[in-house]
Amino acid sequence: MKSVTAFVGSARRHGVTHRATLQLLDDLQSFGDVRSEVVFLSEYDIGLCSGCKACFIRGEEFCPLHDDRDLLIEKIARSDGVVLASPVYSFQVSAHMKAFLDRLGFAFHRPRFHGKAYTSIVVEGLYGGRGVVKYLGLVGRGLGFNVVKGSRIVCRKNPDTAHEPMLDEERRKMDEALARQSRRFHEQLASPPYPEPTMLQLFGFRMARTSIELELADDRRDHAYYRDHGWFDSDYYYPTRLGPLKRAAGAAFDWMAARSSKPREYHRAGR
Ligand SMILES: Cc1cc2nc3c(=O)[nH]c(=O)nc-3n(C[C@H](O)[C@H](O)[C@H](O)COP(=O)(O)O)c2cc1C
């Protein structure tokens, strides 16, 4: 049995974002072995990041905000798959979703959700959904998830209540998109959780780990996290077999990162 948690960034319980999320989860459950939970971010206490960077530098437990962040992270940690669903607001995710992502900012420095499947649902009224799907893909990869391409749902005639249906054509397209997405997401849930990284993923890991090792002092949290996970010596974030080409490319990426790294003193000087 796989467990999936969907985080909804719309406060409207009868809105299109919630309905699309329920439909994706229903489609998923039709495959038979999925348990799901829907989390309305608007019903949780998520403070606004003030940018102090205590989480980056010292650790997330030093965040001055004491809210539901860790409870929500715990929900992700207990899940095999995660869905982020948001309406497009001013060409971006909703404020509820953005506040949540900002509170996870430290996890982009110290990714922790490897082995978990991830996808997104984005509902647009007029324009901007494609960019937000792309953005949420970047978010998922940055956090370490195995990302399944998200869906853009178009709802030009936005219903104010559940009793006003979407246009038939929009509904048909939504149904098709979510059916395809649920199949892809279910395949990902059933796939080996730790696939061989792509060349781009390998590049990102090697550049990050080498610059963190060379640039950051040992007492910086990112440095300690990478060291404690053995990432300064590993091929990738998790054990994997690299072929000869990727092994050679990995060594070249390490070399490139070492050449472009600034000395530790540069960062100590507060730049
Ligand atoms: C504050 C606000 C800003 C919005 N900005 C955009 C936008 O930039 N692009 C767009 O396509 N739709 C925009 N919309 C429309 C919503 O994306 C659309 O109505 C969506 O269906 C809302 O999802 P919901 O039904 O789950 O509430 C905006 C709506 C609101 C309330």
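How many nonpolar, polar and charged residues does the shell around the ligand have, if we sort it by class? Before I answer, please keep in mind that what you have in front of you is a predicted model. By class, then, the shell is made up of eight nonpolar residues, six polar ones and two charged ones.

Let me stay with the ligand for a while. In total 16 residues surround the ligand, and the closest of them are Thr17, Val88, Phe91, Leu126 and Tyr127. If you look at the backbone around the ligand, you will find that a polar backbone atom of Val16 lies 2.9 Å from an oxygen atom of the ligand, and that for Phe91 a polar backbone atom is 2.8 Å from a ligand oxygen. Gly125 also belongs in this list, with a backbone N or O atom 3.0 Å from an oxygen atom of the ligand. As for how much of the ligand is covered, the ligand taken alone exposes 640 Å², and the protein buries 74% of that. Two elements give two or more residues to the shell around the ligand, namely helix α1, residues 16–29, and strand β4, residues 117–124.

From β4 we can step across to strand β3, since β3 and β4 pair in the parallel sense over seven bridges, and in that pairing Pro87 stands opposite Val123 of β4. Strand β1, which covers residues 2–8, also pairs with β3 in the parallel sense, here over five bridges, and one pair to look for is Ala6 with its bridge partner in β3, Val83.

Is β3 itself, residues 81–87, buried or exposed? Seven of its seven residues are buried, so the strand is largely enclosed by the rest of the structure. In a regular strand the side chains alternate between the two faces of the sheet, and it is therefore worth going through β3 one face at a time. On one side we have Gly81, Val83, Ala85 and Pro87, on the other Val82, Leu84 and Ser86, and all of these are buried, which leaves both faces covered.

Finally, I would like to turn to a loop residue, Thr240, which sits between α9, residues 221–228, and α10, residues 244–260. Thr240 has a relative accessible area of 17%, and because the cut-off for buried is under 20%, Thr240 counts as buried. Leaving aside residues up to four places away in sequence, Thr240 touches Pro195, Glu196, Pro197 and Asp235.

Conventions: Residues are numbered from 1 along each chain as its sequence is written. This is a predicted model: local features need pLDDT of at least 70, side-chain atom pairs count only at pLDDT 80 or more; totals for chains, interfaces and linings use all residues. Side-chain values use heavy atoms; hydrogens and water are left out. A residue is near a molecule or strand if one of its heavy atoms lies within 4 Å of it. A polar contact is a pair of N or O atoms within 3.5 Å; within protein, one must be able to donate a hydrogen and the other to accept it, and residues adjacent in sequence count only if both atoms are side-chain atoms. Accessible areas come from the Shrake-Rupley method with a 1.4 Å probe; for residues, only the protein chains shown count as cover. Helices (H or I, at least four residues) and strands (E, at least two) are DSSP runs, numbered from the N terminus. Ala, Val, Leu, Ile, Met, Phe, Trp, Tyr, Cys and Pro count as nonpolar, Asp, Glu, Lys and Arg as charged, and the others, Gly among them, as polar. Buried means under 20% relative accessible area, exposed over 50%, partly exposed in between (1.4 Å probe, protein chains only). Two strands pair if DSSP finds at least two bridges between them. Contact means heavy atoms within 4.5 Å.
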